[in-house]
Amino acid sequence: MKFNDSALGLILILAAIAIRWSAEGFSRLPNQSYGSETMPIALSALALGLGAYMVGQGVVARDGLPRARPADWVRLPGAVPRVALALGLVVGYIALAGRLGFVPVSVAILLALMLATRVRWWVALPVAALATLVIQQAFGRLLLVPLPRSGALGFLW
Amino acid sequence: MQRRLMLAGATLALATVATAAPVLAQDYPSRPIQMIVPWGAGGGTDAVGRVFASLLQENLGVPVNVVNRTGGSGVVGHSAIANAEPDGYTIGVMTIEIDMMHWQGLTDLTYENFDVLALVNADPGGLMVSADSEYQDAAALLEAIRSEPKGTFKGSGTGQGGIWHLGLAGWLMSEGLPPDQVTWVPSEGAAPGITDMVAGGVDIVPSSLAEGRAMIEADRVVPLASMSEERQEAFPDVPTVMEATGTDYTHAVWRAIAAPDGLPEEVHDRLESAIKAAYESEEYQTFMQDRGFGLRWAGSEEATEIVAADDESLGAVMKEAGLAAE
Amino acid sequence: MSVMAEAFGLVFQPFVLLVILASAAFGMFVGAIPGLTATMATALLVPITFFMDPVPAIAAIVTATAMAIFAGDIPGALLRMPGTPASAAYVEDAYAMTRAGRSEEALGAALVFSAIGGIFGTIVLMTLSPVLAEIALRFSSFEYFWLVVLGLSCAIFVSPGSVARGLVALLIGLFAATVGIDNPAGQPRYTFGSVELLAGVQFIPAMIGLFAVSEVLRSFVDATRRPAIVPDRGSGIFRSQWRNLLAYPVQTLRGSVLGTAIGALPGAGADIAAWISYAVSKRFSRTPRKFGTGHVEGLVEAGASNNGAVSGAWIPALVFGIPGDSITAIVIGVLYIKGLNPGPTIFINDPQLIYAVFIVFLLANVIMLPLGWVAIKTAGTILAIPRNVLMPIILMFCIVGAYAINNSVFGVGLMLVFGVLGFLMDENDIPIAPAILGLVLGPMLEQNFITSMIKADGSFLAFFERPIAAGLGLFTFAVWCIPAVTWAMRRRRG
C-alpha cells in the first residue's frame with residue numbers, strides 16, 4: 001500500500017483522536033496533575049499537529065486529496081502468495097513450535113520457503129537440515145536458549 | 001507456482017507427525033531445568049538466581065539455565081513460573097512483588113499459585129539521605145517531615161507503589177503521619193533513585209542499605225536507619241528504626257525459590273534438599289556476604305507462612321495508602 | 001611504576017591471555033547474531049567467571065562485550081540488520097556501501113574506528129575517571145530529559161527524506177513505547193489484558209522485525225531478481241582506513257570525546273551517543289547530502305562514539321558503583337564478588353588490579369583488529385550465497401533471535417507485527433531508524449519528564465533552573481530553530 005502525504009496525514013489525525021480517547025481511561029498519579037495519561041495526550045497532540053500539516057501540504061502540493069494505491073510489486077507474478085506464505089509460516093511457528101519442537105518446524109519452514117523461491121529440492125533439503133542443526137546447536141547448546149523441544153528429537157540436547 | 005506452495009504446505013503437515021514422550025517423576029531430574037528470573041540481568045534477583053543455578057547444577061547433575069522474563073513489574077516472570085508444567089523442570093526466583101501485584105489489580109496470581117520451596121535471602125529496608133542533607137539522623141529528619149507541609153520532602157527508589165514506596169509509607173504511618181506526607185517520585189530502581197538523590201533531585205531513598213553501599217563508602221550517602229529488628233552485620237554503626245526514633249517498625253524484602261503449584265512429592269523433596277545444600281554451601285554464603293545481601297533461610301513450610309503473612313500486611317498498607325485497586 | 005609492572009604481570013600470563021582470546025571469539029559470535037546482545041554475552045559469562053581470579057574474570061567480560069558491540073555492526077552492514085540500537089544510527093550508510101560492493105571497507109571502518117574510540121575511552125577512564133564521575137553525578141532527571149529530547153531531535157534531522165516523515169516514524173516508536181505497565185504511574189496501558197504485553201514492546205524483537213524481517217519480506221516479492229547484495233569488490237578491510245583517518249581526524253576525535261562523555265552518564269549509553277555523534281557529523285560535514293547514501297564519514301564518527309561510550313560507562317561504575325548501562329550493572333556484581341568493591345578507594349586499595357583491568361581494556365581493543373578481520377572475512381562469504389537460499393535461513397535466525405530475548409514465542413509475534421510495519425514504512429519512504437530510537441528512548445523521556453514535574457511541583461521553569469539543564473535545553477531549542485532560521489533567511493534572499 002502506498003499512501004500520499006494527505007492520506008498519511010489523515011491516518012495520523014485519526015490515530016491522534018483514537019489515542020486521545022484512549023487516554024481518558026488512564027489515571028493520574030495521586031495528588032499530581034499528570035500520570036499515565038500525560039504521554040499519550042502529548043503524543044496525540046503531536047500527531048494531530050503533524051497530521052494537519054501533512055494534509056495541508058499534501059492538498060497544496062500536486063498529489064492532492066488523500067489517496068492510497070497498491071504498490072507496484074503486487075502485480076509481479078507470485079509475489080503476493082510468496083509474501084503471504086512467509087508471513088503464514090511465521091504464524092505457523094508461533095502456533096506449532098511449542099507442541100512439535102523446534103527442529104521439525106524449523107526444517108519445514110526452511111524447506112517450504114526455499115521451494116517456494118525455486119531452490120531445487122536436492123539443494124533445499126540438506127540446507128534446511130544443516131541450517132536447523134547449526135541454529136539448534138548454537139542457540140540451544142552454546143547459548144543455553146531453551147528452544148522448544150520435541151520428544152522424538154530430544155537426543156540433540 | 002501453485003504446485004510449489006502445495007509442496008510447501010505438505011512439508012509443514014509432515015512435521016506434525018512428531019510426538020512428545022512423557023517424563024516420569026522417578027527419573028527426576030533427567031533433562032535441563034530452567035530457572036526463571038522475573039527481573040533483569042544484572043540486578044540483585046538475577047545475581048541470586050544465577051548463583052543458585054550454578055550451585056543446583058552441581059547438586060542435581062543436569063544443566064540449570066537462567067531465563068530472564070522481565071517487565072510488567074514482575075508480573076510477566078511470575079506468571080511464567082506459575083503457568084509452567086509442575087514437573088520440576090521449571091523453577092524460578094519469587095520476589096516480594098508477588099504479595100503486591102494482585103492487590104494492585106494487575107493479575108489474579110497470588111503466592112497460592114506457587115509451591116514455595118524455600119526462602120533464601122532477606123534484606124531490610126533503610127533510610128538514606130544525601131551527604132549534603134541538613135538532617136544527619138533519623139529523629140531530626142522525622143521531625144522535619146512532621147513540621148513541614150505535606151509534600152515538601154520527596155522520596156524515590158522504586159516505581160509508584162513499589163516495595164520501597166510501601167516501606168516508606170508504612171514507616172510514616174507507624175510514626176502517626178499520613179502515608180503520602182512524603183511525595184513519592186517513581187524511579188526504575190534503587191540505583192537511579194540514589195543517583196538522583198545525590199544529584200539533588202530527591203531527599204530520601206528508603207531502599208536496602210546494600211543497594212547504596214558504594215555511595216555510602218564514598219561518603220556521598222548517609223544511612224540514617226535500618227528497618228530491621230537488629231543492626232545489620234555489614235552496617236554496624238547504623239541504628240535500627242526502634243533505636244533512632246523509638247518506633248517499632250520493620251520492613252524487609254525477601255527472595256524465594258518457587259515452582260508452579262502441584263509438584264509431585266518426590267520432585268518437591270528432591271528440589272528442597274538440593275536448595276538447602278546450595279544455601280549452606282560456602283560459595284553461596286560468601287557470595288551473599290560479599291555483595292552485602294542478607295542471609296535468611298526458611299524451608300518450604302515456614303517460607304509459605306512468611307509469604308502469606310507479608311501478603312496480608314502489605315495489602316493493609318496498600319489499602320490505607322490508596323495504592324490498592326478498588 | 002612498580003604498580004604498573006605488577007599489573008602487567010597479572011595480565012601477561014598464559015591463562016589470562018587464553019581467557020581473553022576465548023572470550024573474544026565468544027563475544028564476536030554472540031554479537032554477530034541478530035537478536036543476541038552484549039548484555040546477554042555478559043550474563044552467560046558470569047557463572048564461568050565465578051571460578052576465576054579477579055583479573056581473568058573481568059578480562060573475560062571486558063573482552064567479550066567490546067567484541068560483541070563491534071560484531072553488531074556486521075549483520076547491520078551486510079544484511080541491514082543492526083545488532084544493537086547503537087549500530088542502527090549508521091546502518092543505512094553501511095548497507096548502502098555493501099550494495100555498492102564496498103562491504104569490507106564499511107566493516108573495516110566500523111572495526112578500526114571502534115577500536116580507536118574504545119582506546120580513547122580507556123585512556124579517559126584511566127586518567128580522568130574521578131573528575132568525570134563527579135560531573136556525571138550532577139545529572140538529575142531535568143538534565144536527562146533534555147538529553148533524550150536532544151537525541152530524538154538528532155534522529156529526525158539525520159534521517160533521509162522529509163522532516164515530516166521522520167516525525168511520523170518517531171511518533172510510531174514513541175507510541176509503541178507507551179505499551180505496558182513500566183511507566184511512572186505503574187498503570188497498564190494498551191495491554192488488552194495480555195500478561196506478555198504488560199512488559200511492553202521490547203526493542204530487540206521490534207528491531208529485528210523493522211529492519212530484518214521487512215528486508216526478508218521484500219526479497220520474497222521478486223524471487224527471480226538478481227542478488228541485490230553483491231560480494232565485496234576488493235575494497236579491502238584496512239587499506240582505506242588510513243586514508244579515512246587522515247580525511248576525518250576531527251570527526252574521529254569528536255566522536256570519541258562525545259561518546260566517552262555521554263557513556264559516563266549513568267542514564268545514557270552507546271545508543272544516544274551514536275545518534276548524537278552521527279547528527280553532529282552530518283551537521284558539520286562539508287557534504288551532508290551524502291549521508292545515508294553510503295558515505296563513510298558518519299560511520300567513522302558514530303562508530304568511534306559508541307565504543308567510546310562502552311568504556312565511558314565504566315567511569316561511574318568504578319568510582320561510585322553506579323551502573324552506566326546494563327553491562328556494567330552485571331560487572332559491578334562481579335567486582336563485589338571478587339572483593340574489588342567499587343568506590344573512590346578502588347584506585348587506592350587495589351591499584352595493581354585496577355590497572356590490570358585497564359591493560360585488559362587496551363588489549364581487548366587491540367586484539368579486536370585481527371579477530372575482527374577474521375570475522376569480517378568469514379561473514380563476507382554469506383554474500384556469495386544465493387538470496388533464495390540465504391533469506392529463509394535469515395528468517396529462521398530472526399525467529400530464534402526474537403524468541404531468545406525472552407524465551408517466549410510472544411517475541412516472535414512482536415517481530416512479525418513490526419516486520420509488516422517496517423515493510424509498509426519502507427514502501428512509504430518513512431525512515432525506520434527514528435522509530436527504533438523512539439522505542440528505546442520513549443520510556444526514558446516519559447520517566448524523566450514525569451519525575452521532573454513531580455519534583456518541581458508542576459513548574460515548567462524548573463527545566464531551566466539548573467545550569468546544566470538550562471544549557472542542554474537551550475542547545476536543543478537551537479537545534480530546532482537554526483534550520484528554520486536559515487531556511488527562512490535563504491527564502492528571503494532568494
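Domain bounds here come from an automatic or database domain assignment. In chain A that assignment gives domain 1 (2–69) and domain 2 (76–156), and the C-alpha centres of the two domains lie 40 Å apart. This is a predicted model, in which local features need pLDDT of at least 70, side-chain atom pairs count only at pLDDT 80 or more, and totals for chains, interfaces and linings use all residues. Residues are numbered from 1 along each chain as its sequence is written, while chains are lettered from A and ligands numbered from 1 in the order in which they are written.

Chain A holds 5 helices and 2 strands, where helices (H or I, at least four residues) and strands (E, at least two) are DSSP runs numbered from the N terminus. Along the sequence the pattern goes β-α-α-β-α-α-α. The radius of gyration (taken over C-alpha atoms, with the globule rule being 2.2 Å times the number of residues to the power 0.38) comes out at 24 Å for chain A, against the value near 15 Å for a compact globule of 157 residues. The C-alpha box, taken along the principal axes, is roughly 60 × 50 × 20 Å. A residue is called buried if 20 or more other C-beta atoms lie within 10 Å of its own, exposed if 12 or fewer, and partly exposed in between, with C-beta atoms placed from the backbone; 43% of the 157 residues of chain A count as buried. Two residues are in contact if their C-beta atoms, placed from the backbone, lie within 7 Å. Of the contacts in chain A with a separation of 6 or more, 62% link residues 24 or more positions apart.

Next comes the meeting of chains A and C. Here 51 residues of chain A are in contact with 42 residues of chain C. On the chain A side, strand 1 (2–3), helix 1 (5–23), helix 2 (38–60), helix 3 (79–100), helix 4 (102–116) and helix 5 (121–142) each put in at least two residues. Helix 3 of chain A has the largest share, with 10 residues. By type, this side of chain A splits into 39 nonpolar residues (Ala, Val, Leu, Ile, Met, Phe, Trp, Tyr, Cys and Pro), 9 polar and 3 charged; Asp, Glu, Lys and Arg count as charged, and the others, Gly among them, as polar.

Over in chain C, helix 15 (residues 270–284) has 15 residues, and its end C-alpha atoms are 21 Å apart, which agrees with the 21 Å it should span at 1.5 Å a residue (the expected span being 1.5 Å times one less than the number of residues). Of those 15 residues 13 are buried, so helix 15 of chain C is largely enclosed by the rest of the structure.

Chain B has 11 helices and 11 strands. Its C-alpha atoms fill a box of roughly 80 × 50 × 35 Å along the principal axes, and 57% of its 326 residues count as buried. Pairs 24 or more positions apart make up 74% of the contacts in chain B with a separation of 6 or more.

Strand 3 (residues 90–95) of chain B is largely enclosed by the rest of the structure, because 6 of its 6 residues are buried. Thr90(B), Gly92(B) and Met94(B) point one way from this strand, and Ile91(B), Val93(B) and Thr95(B) the other way. Strands count as paired if DSSP finds at least two bridges between them. Strand 1 (residues 33–37) of chain B runs parallel to strand 3 of chain B, joined by 3 bridges, with Gln34(B) partnered by Thr90(B). Strand 10 (residues 252–260) of chain B pairs with strand 3 of chain B in the antiparallel sense over 4 bridges, and there Arg255(B) stands opposite Thr95(B).
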